[in-house]
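Good morning, everyone, and thank you for making room for me today. I would like to walk slowly through a few places in one structure, so please keep the picture open while I talk.

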Amino acid sequence: MGTLTYAGQKYPLDNEKILLRGCTLRNTEWCFGLVLFGGQETKLMQNCGKSTFKRTSIDRLMNVLVLCIFGFLVFMCLILAIGNYIWEINNGSNFTVFLPREDGNSAGFSAFLTFWSYVIILNTVVPISLYVSVEIIRLGNSFYIDWDRKMYYSRSDTPAEARTTTLNEELGQIKYVFSDKTGTLTQNIMTFNKCSINGKSYGDVYDCTGQRLDISEYKDPADFSFNPLADPRFMFYDHSLVEAVKLENPEVHAFFRLLALCHTVMAEEKKEGELFYQAQSPDEGALVTAARNFGFVFRSRTPDSISVVEMGNQRSYELLAILDFNNVRKRMSVIVRSPEGKLSLYCKGADTIIYEKLHQSCRKLMDVTTEHLNEFAGEGLRTLALAYKDLDEEYFSQWKQRHYEASTTLEDKESKLDELYEEIEKDLLLLGATAIEDKLQDGVPQTIEQLAKADIKIWVLTGDKQETAENIGYSCNLLREEMNEVFIISGHSPEDVRQELRNAQNSMKPNGAVNSLLLFEDMGKHVNLIKDEVADGEYGLVINGHSLAYALESTMELEFLRTACLCKAVICCRVTPLQKAQVVELVKKYKKAVTLAIGDGANDVSMIKAAHIGVGISGQEGMQAVLSSDYSFAQFRFLQRLLLVHGRWSYLRMCKFLRYFFYKNFTFTFVHFWFGFFCGFSAQTVYDEWFITLYNLMYTALPVLGMSLFDQ
């Protein structure tokens, strides 16, 4: 019997099951570990969706064709057998002089033997070597992707990789692309750009006339020489924030103290003063680095404490609890005790969630901060709101006891913990907001423009707030000023969402039919298909996470899908990994189209597995997406070459190969079929036996393979 200390809590270790909450990644809960101590079992459940066997439309077509050819073979043999029966009755007696027939052999028995003789002779029409040849072609086309120097990213020494050989030709049939934003369209290299503290915005630089300057052209970064532990690579250009820190502004100090304490970053100090941060997400790394430069240096952590250097003074905070981030909570909190014995809860998360937890006294500050947040998001920056509260010692002791009991229970643990988190994370006091810049990858706008010309529709599914996603949409040419209208779906009830979707439909197709569903019966079940429609103009659609939850309900999903499919571009904001997969499944279910999902993080795994083809980007967030994908590379712009070059070539080569293969088999076989009418349907062969055997294997193998591997 012992104890396990995790996140400031002590858990008993015995032979009973305890549920240990795992670490977290950016937008998704990494894992829940169900540990059975005593060495019996360990189970990990990840929010990644189930794996499915992926097959191409060519595969399904080939299976049908081979079955049809078998039927055609039987049909030809029947015709020849009937011909033999008729010939034996009419002319067979004339040949008995030099071909004497054994007693009891009738014309019917002769026809029966002839049928099976022709099955053997005409079997060359059945493409037995077809599947082997197809796999050779697919393997060759996969090597072309691996060897493509134009898809090699030299900065990270990452080549493109075809992780499967069975889906190459499907790349040339893509109709819908579902993309993550952060790390996929953007670089996922975060820099602390701006912030709002106690109603004042920092980060912009102004000249003597009050005109805002472009930071990219400004060459006078803030001086952090007062801080010997500052990161020399960190750049910030608003000197007023440094002055506020030096003047010991209490709100500014509280702001950066929160950033230095509320995180899951690990610090490594190889030499004195040389700190290296290991962060689970680039966002956290950027925020902790910003706090470090402004004088609140996160130095080290243990399961029970966090060491911080505040303006040169070493301080150790007792870590009492970590309230984890997950996709539902969309926030993270820590409860700490300062060296003076003061209990505090620090919280950071999505502004919409944090605002619901604020005390009424923050109303005025909330309005000002909201203006700053909208301004930051309008510039394409990723935003978080920060808040805190001081805790009463007696109340926290009671809460901690209930938290311990909920943590060690085996029944309904998650809901009990969530209730406790909700209880303590209320009546918070707003500190401000952060704004982090995540620049677009090179070539993203041009890639999206080319894919749009190929009539490929791109849907962006992101966890960012609406304004940030919209700005990135315009930056990467997904949304354009020339569009007739960009519809915003942000209803807070099913009725509001339904009405907004119908208003959008009426704007795009004023004279369109009310019901565009084609009903057909398949395997005894009624399945709905939405036919392709063309809108009167070009439109975009932006939908929030809470509205998407209503739109994906069974009563409204067809309405949502029809509206979205009328638009040139769709952006879904504040979505969870599960919703990403649900959107992909919705399109797969009701549209006869091939889908592709592309992402870079663990939160994109379920979407990648749900799509017909999954593409992983090997970026800043580990290898989860790559390991679950069918193809991988380092930059979004390589998707253009994968689809429009390799995908198109693979599909055209495969189509030409199949036509060539069936042509050569049928022409060879029809010679024997036709010759049967001139040899008394006697199953006599025209060609030498070895020629028949080697026809498919050698004589005609290289031309068809050569054409299907090298044709451009």
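Let me begin with a pair of residues facing each other across two strands: Phe-487 stands opposite Leu-541, which belongs to strand S27. Before going further, I should say that what you see is a predicted model.

Strand S27 covers residues 539-543, and 5 of its 5 residues are buried. On one side it is joined by 5 bridges to strand S24, residues 485-489, and these two strands run parallel. There is also strand S28, residues 569-572, which is connected to S27 by 4 bridges, again in a parallel arrangement; here Gly-540 has Ala-569 of S28 as its bridge partner.

Which way do the residues of S27 point? Tyr-539, Leu-541 and Ile-543 point one way, while Gly-540 and Val-542 point the other way, and all of them are buried. This fits a general rule, namely that side chains in a regular strand alternate between the two faces of the sheet.

Let me turn now to the aromatic rings, where a search of the whole structure finds 35 aromatic pairs. One of them joins Phe-234 and Phe-294 in an edge-to-face arrangement, with 6.1 Å from centre to centre and 80° between the planes. Why can we say that this pair ties together parts that are apart in sequence? Phe-234 lies in the loop between strand S13 and helix H4, whereas Phe-294 lies in the loop between helix H6 and strand S16, so the pair ties together parts that are 60 residues apart in sequence. Phe-234 counts as buried because its relative accessibility is 11%, which is under the 20% cut-off, and Phe-294 counts as buried at 0%. Both belong to a cluster linked by ring pairs, whose other members are Phe-192, Phe-224, Phe-236, Phe-255 and Phe-256.

Another edge-to-face pair is made by Trp-674 and Phe-678, at 5.8 Å centre to centre and with 65° between the planes, and here both residues are exposed. A ring can also have a charge as its partner: the charged end of Lys-664 sits over the ring of Phe-661, 4.2 Å from the ring's centre.

Finally, let us look at the surface, where Val-74, Leu-78, Ile-82, Tyr-85, Ile-86 and Ile-89 form a nonpolar patch with about 530 Å² of accessible area together. Of these residues, Tyr-85 is found in helix H1, residues 57-91, and it is partly exposed, with a relative accessible area of 38%.

Terms used: Residues numbered from 1 in each chain as written. Predicted model: local features only at pLDDT ≥ 70, side-chain atom pairs only at ≥ 80, totals over all residues. Heavy atoms only, no water. Patch = residues over 30% accessible without salt bridge, like charges linked within 9 Å, V, L, I, M, F, W, Y side chains within 5 Å. Areas by Shrake-Rupley, 256 points an atom, 1.4 Å probe, with all protein chains shown as cover. Salt bridge = Lys/Arg side-chain N within 4 Å of Asp/Glu carboxyl O. Buried < 20%, exposed > 50% of the residue type's maximum accessible area, 1.4 Å probe, protein only. Pairing = 2+ DSSP bridges. Phe/Tyr/Trp six-rings, centres within 6.5 Å; stacked < 30°, edge-to-face > 60°. Lys NZ or Arg CZ within 6 Å of the ring centre and 35° of its normal.
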